[in-house]
Structures are given as structure tokens and as C-alpha cells.
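Trainee: I have a new structure open and would like to go through it with you. Where should we begin?

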Amino acid sequence: MNYSPCYLALLTLGLAASCQSKEEKANAALADTLEAHAESPAEQARMAAQKAAYALPPARSATAVDVRAGVQQLLPEEGYLELVSVKGRGMQPITIGLPPMWRIGIKPGYPKVGPGYKIPFEAVLRWKPTGYVETKPKSALLVLQTPKDSLMRFHISEMSVGSKVVPVRPGEPVTVQGVLYTYLDRDNAQRLLVYPYQNKQVYLSLSN
């Protein structure tokens with residue numbers, strides 16, 4: 001059976017997220033033990049990377065970051081969904097699986113996860129129909145994220161196809177909830193790197 005890259009990325013991310021609460025302490029403890037007994041420099045470097053990957057970031061309030069630029073990555077690149085407003089509703093420290101494209105070149109034995117935050121949010125979106133030559137549609141369906149498909153990007157569809165949807169009309173605001181995944185930036189402790197929903201590098205600054 002063949003699975004799409006998006007499905008595999010979601011599966012990996014979901015597994016890392018669901019397991020981290022039960023196993024992160026054990027992983028961190030094991031990494032400490034292995035690092036202490038590592039002999040060669042290469043082995044020490046590998047164990048240090050494992051330890052860093054499973055070290056959770058500190059808890060932060062929802063006001064510590066402006067999620068607007070990140071949530072924008074969850075909208076269609078065509079621009080037919082406008083982000084009217086958005087508000088983060090918390091920052092959950094978490095161990096997140098790396099997307100497939102970031103795993104290329106990772107040496108054997110090195111971690112394929114990283115520390116970051118799962119950020120629930122509430123946003124107000126507005127549909128602006130584009131690309132219609134004649135009559136614009138009077139209504140459509142807005143496809144939402146679900147707990148089982150939390151990497152889903154918001155988009156308009158004419159059919160639900162088993163997805164969670166809400167009806168929308170042109171120009172009328174609709175309130176939605178979702179989650180945004182971010183990683184700690186290894187090069188700058190004062191910013192987060194958004195999961196590459198659109199294969200772009202987008203950073204969010206952290207407030208003190």
C-alpha cells in the first residue's frame with residue numbers, strides 16, 4: 001500500500017507527539033546514561049544530539065509569540081482565504097518528528113525528532129472567491145483540521161469527502177480552531193521555526 005508524503009509526515013509527527021509524554025523522560029535519562037559512558041568523540045557527539053533532541057523547551061504563555069505568520073502558512077497560497085485575526089491559546093512543549101525533507105542527510109544513529117511547541121489557536125477567516133470567470137458561488141465548504149489530520153491546511157471544497165467542514169459564504173467571517181507546530185531554532189533561542197507546511201522557512205519571534 002502506498003502512502004502520500006503528507007500522510008507519512010503526519011504519521012511520524014503524530015507518533016512523536018503522542019509518545020513523547022510517556023517516553024520523553026525515559027529517552028532523556030537513557031541519553032544521559034549513554035552520553036556519560038560514551039568513549040569516542042563521534043559517539044559523544046551522537047549521544048549529545050540525542051539528548052538535545054528530547055530536551056523539552058520551557059513552558060511559555062500564549063502571549064509569548066505572535067502566531068499570525070505561522071497560521072498564514074496554513075492557508076491556500078492562492079490567497080482566497082483571508083486571515084482576519086488570530087489568537088494563540090497556549091504553547092505546549094513537545095517532541096516533534098522532523099518532516100521527511102529535513103531527514104535527508106541525517107547520519108545513522110542521529111535523532112529524527114526535535115523539541116518545539118504545539119500551539120492551539122483560534123482564527124477568523126474570510127473567503128474571497130477568486131478565479132471565477134462568470135457567476136461566483138454563493139456558498140462552499142471550508143475544510144478544517146482534525147486531531148487525526150492536524151497537518152491539514154485550511155481550504156475551500158465543494159464536497160466534504162469525509163473531512164470536517166463548515167459552510168462559508170463569500171465575505172462572511174468564520175471562526176475556526178487549529179494547531180500550529182513549531183520547532184526551536186537551533187541558531188537563535190529567541191525564535192521558533194514553523195513546520196514547513198508550504199516548504200518555506202518561516203520564523204516566529206519569542207518575547208521575553
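**Walking through the model**

Mentor: Let us begin with Gly-79, which has a relative accessibility of 33% and therefore counts as partly exposed, since that class lies between the 20% limit for buried and the 50% limit for exposed. Please keep in mind that this is a predicted model.

Trainee: Where does Gly-79 lie?

Mentor: Gly-79 belongs to the loop between helix 3, residues 68-72, and strand 1. Its C-alpha atom is separated by 9.2 Å from that of Trp-127, although the two residues are 48 apart along the chain.

Trainee: And Tyr-80, is that one buried or exposed?

Mentor: Tyr-80 has a relative accessible area of 16%, which is under the 20% limit, so Tyr-80 is buried. Tyr-80 is also placed in the loop between helix 3 and strand 1, and from C-alpha to C-alpha there are 9.9 Å between Tyr-80 and Pro-170, with their positions 90 residues apart in sequence.

Trainee: Let me step back a bit. How many helices and strands does the protein have?

Mentor: There are four helices and nine strands, and when you read along the sequence they follow the pattern α-α-α-β-β-α-β-β-β-β-β-β-β. Of the 208 residues of the protein, 37% count as buried.

Trainee: Which residues touch the most other members in the largest nonpolar core?

Mentor: That core has 39 residues, and Leu-125, Leu-142, Phe-154 and Leu-180 are the ones that touch the most other members. The elements that give two or more residues to this core are strand 1 (81-88), strand 2 (92-97), strand 3, strand 4, strand 7 and strand 8 (191-194).

Trainee: Switching to rings, how many aromatic pairs are there?

Mentor: The structure holds four aromatic pairs. In the pair of Phe-121 and Phe-154, the ring centres are 6.4 Å apart and the planes stand at 70 degrees, so this pair is edge-to-face, a class that needs an angle over 60 degrees.

Trainee: Which parts of the chain does that pair link?

Mentor: The pair links distant parts of the chain, because Phe-121 is in strand 3 while Phe-154 is in the loop between strand 4 (140-143) and strand 5 (155-157), with the two residues 33 apart. Phe-121 and Phe-154 are both buried.

Trainee: Which residues form the aromatic cluster?

Mentor: One aromatic cluster is formed by Trp-102, Tyr-183, Tyr-195 and Tyr-197. Trp-102 is found in helix 4, residues 100-103, and has a relative accessible area of 27%, so Trp-102 is partly exposed. Measuring tools in your viewer aside, the model places Trp-102 and Pro-196 9.6 Å apart in space, C-alpha to C-alpha, although they are 94 residues apart in sequence.

Trainee: What sits over the ring of Tyr-203?

Mentor: The charged end of Arg-191 sits there, 3.8 Å from the centre of the Tyr-203 ring. Arg-191 has its place in strand 8, and with a relative accessible area of 26% Arg-191 is partly exposed. Between the C-alpha atoms of Arg-191 and Leu-206 there are 5.1 Å, while in sequence the two are 15 residues apart.

Trainee: Okay, new topic: which residues lie nearest the centre of the largest pocket?

Mentor: They are Leu-98, Val-113, Gly-114, Leu-184 and Arg-186, out of 20 residues that line this pocket. Helix 2 (41-53), strand 3 (113-127) and strand 7 (173-184) are the elements that give two or more residues to the lining. The volume of the largest pocket is about 520 Å³.

Trainee: What classes of residue does the lining have?

Mentor: By class, the lining of the largest pocket has 14 nonpolar, two polar and four charged residues.

Trainee: One last residue, then: where does Asn-199 lie?

Mentor: Asn-199 lies in the loop between strand 8 and strand 9, residues 203-205. Its phi is positive, at about 60 degrees, although Asn-199 is not a glycine.

Trainee: Is Asn-199 buried or exposed?

Mentor: Asn-199 counts as exposed, because its relative accessibility of 56% is over the 50% limit.

Terms used. Residues are numbered from 1 along each chain as its sequence is written. This is a predicted model: local features need pLDDT of at least 70, side-chain atom pairs count only at pLDDT 80 or more; totals for chains, interfaces and linings use all residues. Side-chain values use heavy atoms; hydrogens and water are left out. On a 1 Å grid over the protein atoms alone, a cavity is a set of points where a 1.4 Å probe fits but cannot get out, and a pocket is an open set with protein on both sides within 12 Å along at least five of seven lines; lining residues have an atom within 4 Å of a point. Grid points are joined across faces, edges and corners, and a volume is the space filled by probe spheres set on the points. Ala, Val, Leu, Ile, Met, Phe, Trp, Tyr, Cys and Pro count as nonpolar, Asp, Glu, Lys and Arg as charged, and the others, Gly among them, as polar. Rings of Phe, Tyr and Trp (its six-membered ring) pair if their centres lie within 6.5 Å; planes under 30 degrees apart count as stacked, over 60 as edge-to-face and the rest as tilted. Buried means under 20% relative accessible area, exposed over 50%, partly exposed in between (1.4 Å probe, protein chains only). A charge sits over a ring if NZ of Lys or CZ of Arg is within 6 Å of the ring centre and within 35 degrees of the ring normal. A nonpolar core is a set of buried Ala, Val, Leu, Ile, Met, Phe, Trp, Tyr and Cys residues joined through side-chain atoms within 4.5 Å.
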